[in-house]
Amino acid sequence: MKNRQTQFRRAFGRRDVLKLAGAAAASLAFAGRALAVGRLTLGDAEIVTVNDGTLTLPMSYSYGDAPQPELVRLLADNAMPTDTLQPDCNVTILKRGDRLAVFDAGSGPNFMATAGQLVDNLAEAGIDPAEVTDVVFTHAHPDHIWGVTDDFDELVFANASYHIGQEEHDFWSSPDALQAVPADRQSFVVGAQSRFEAIRDRLTFLKAGAEVLPGVEAVSTPGHTPGHMSYIVHSGADQLVVVGDAITQSIVSFAHPEWPAGADQDQALAIETRKTLLDRLAGDRLRVVGYHFPHPATGMVERGGGAYQFVAG
Ligand SMILES: [Zn+2]
């Protein structure tokens, strides 16, 4: 925020700055109400998706190893920019009985200027972070775990229990983790370790198939990270699958699940996982929520043209 204000001040006189700031605040407040919170009912559960903001990723980072002419055509056909991806970040919230659970914790204040809006948007959704009973992680990347602490290194969800896959925790906690990731992702290791430290006394570890909360099943979906987990929320005959980053992009991951994605640590394993998951989601007609799908990020998976399609809803 400070940086943005400084840039504004350099570019405009003080009077204009005040005028602009007022206009920006008003339009953000309006947009926030319409765009930051999604809701649906799943049997006896209420599902809320809350936007944490967006990431800004060069296309060369995300899909540099995909076949470029086909990629450019696919992006253009879907009216998407071809140089940069700006995915939303969506935290899923489950309200049922006496549990108020959040799946992933957002980026917090220190990852990207365009993300870290979860706490503001929770207020928009009428949710007090102090009332959150459980924080369930899909994986330990910055945009999913750094938001457990605020600007003052205090816990955002001060009264919650925290849950993460055992393998995911062990990978990022290992003394060898710095050597196991590319140089440009070493901050991911340091950041994960400091967040684990902040929640050390409240952290429990999951194996695949575990019931993390009543009616919520952990499913192993590795590749994006070594111990990535997805979660199936069961509610009578209804189910919702929180896929995290096992499926990241609502156009490309569906049209070409076989294309390598730069954010995936083990690209071959991530492709296998993505194909298996899409097949099951389409075959069983399961509703899905993707962390980086366009907000509100819920929908169904349809088969078609030898691949898949995400149908929001
Ligand atoms: Zn992510």
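This is a guided tour of a predicted model, taken one selection at a time.

**Stop 1: the sheet that starts with β1**

Select β1, β2, β5, β6, β7, β8 and β9, which in that order form an open sheet of 7 strands with mixed pairing. β1 and β9 (203-206) are the edge strands; each has a single partner, so one side of each is left without a neighbour in the sheet. On average, neighbouring strands here are turned by 25° against each other, direction ignored.

Now restrict the view to strand β1 (residues 37-42) and β2, which pair in the antiparallel sense over 6 bridges. The two make a hairpin with 2 residues between them, and Gly-43 in the turn has a positive phi of about 55°. Two pairs are worth labelling: Leu-40 has Ile-47 of β2 as its bridge partner, and Leu-42 stands opposite Ala-45 in β2.

**Stop 2: Lys-95**

Move to strand β5 and pick out Lys-95. Is Lys-95 buried or exposed? Neither label fits: with a relative accessible area of 27%, Lys-95 is partly exposed, because buried means under 20% and exposed over 50%. Draw a distance from its C-alpha atom to that of Glu-46: the separation is 5.1 Å, although the two residues are 49 residues apart along the chain. Neighbours within four places in sequence left aside, the contacts of Lys-95 are Asp-44, Ala-45, Glu-46, Leu-100 and Ile-127.

**Stop 3: the largest nonpolar core**

In soluble globular proteins, nonpolar side chains tend to be buried together. Show the side chains of Ile-93, Val-135, Phe-137, Phe-157, Tyr-162, Trp-172 and Phe-196: of the 40 residues in the largest nonpolar core, these touch the most other members. At least two residues of this core come from each of β2 (45-54), β5 (88-96), β6 (99-103), α5 (118-124), β8 (161-165), α7 (166-173) and α9 (186-198). The largest share, 4 residues, is that of α9.

Centre on Phe-157. Which residues is Phe-157 in contact with, leaving aside its neighbours within four places in sequence? They are Val-102, Ala-105, Leu-118, Leu-122, Pro-129, Val-132, Val-135, Tyr-162 and Arg-202.

Next, display α7 as a ribbon. This helix lies across β8 and β9, running at about 85° to β8.

**Stop 4: the sheet that starts with β10**

Select the strands in the order β10-β11-β12-β13-β14-β15-β16; they form an open sheet of 7 strands, with mixed pairing. At its edges stand β10 (211-213) and β16 (307-312), each with a single partner strand, so one side of each has no neighbour in the sheet. Direction ignored, the average turn between neighbouring strands of this sheet is 35°.

Zoom in on β10 and strand β11 (residues 216-220), an antiparallel pair joined over 2 bridges. Here Glu-211 stands opposite Glu-217 in β11.

Add helix α11 (residues 267-283), which lies across β12 (229-235), β13 (238-244), β14 (287-290), β15 (298-304) and β16. Its direction is at about 95° to β15.

**Stop 5: the second largest pocket**

Finish by showing Leu-55, Leu-57, Tyr-61, Ala-263 and His-292, which lie nearest the centre of the second largest pocket. The full lining has 21 residues, and the space inside is about 340 Å³. Which helix gives the most to the lining of this pocket? Select helix α3 (residues 59-63), which supplies 3 residues.

Conventions. Residues numbered from 1 in each chain as written. Predicted model: local features only at pLDDT ≥ 70, side-chain atom pairs only at ≥ 80, totals over all residues. Heavy atoms only, no water. Core = buried A, V, L, I, M, F, W, Y, C linked by side-chain atoms within 4.5 Å. Buried < 20%, exposed > 50% of the residue type's maximum accessible area, 1.4 Å probe, protein only. Contact = heavy atoms within 4.5 Å. Pairing = 2+ DSSP bridges. Axes fitted to C-alpha atoms, helices over the stretch in contact; angles between N-to-C directions. 1 Å grid on protein atoms, 1.4 Å probe; cavity = no way out; pocket = protein on both sides within 12 Å on 5 of 7 lines; lining within 4 Å. Points joined across faces, edges and corners; volume = space filled by probe spheres on them.
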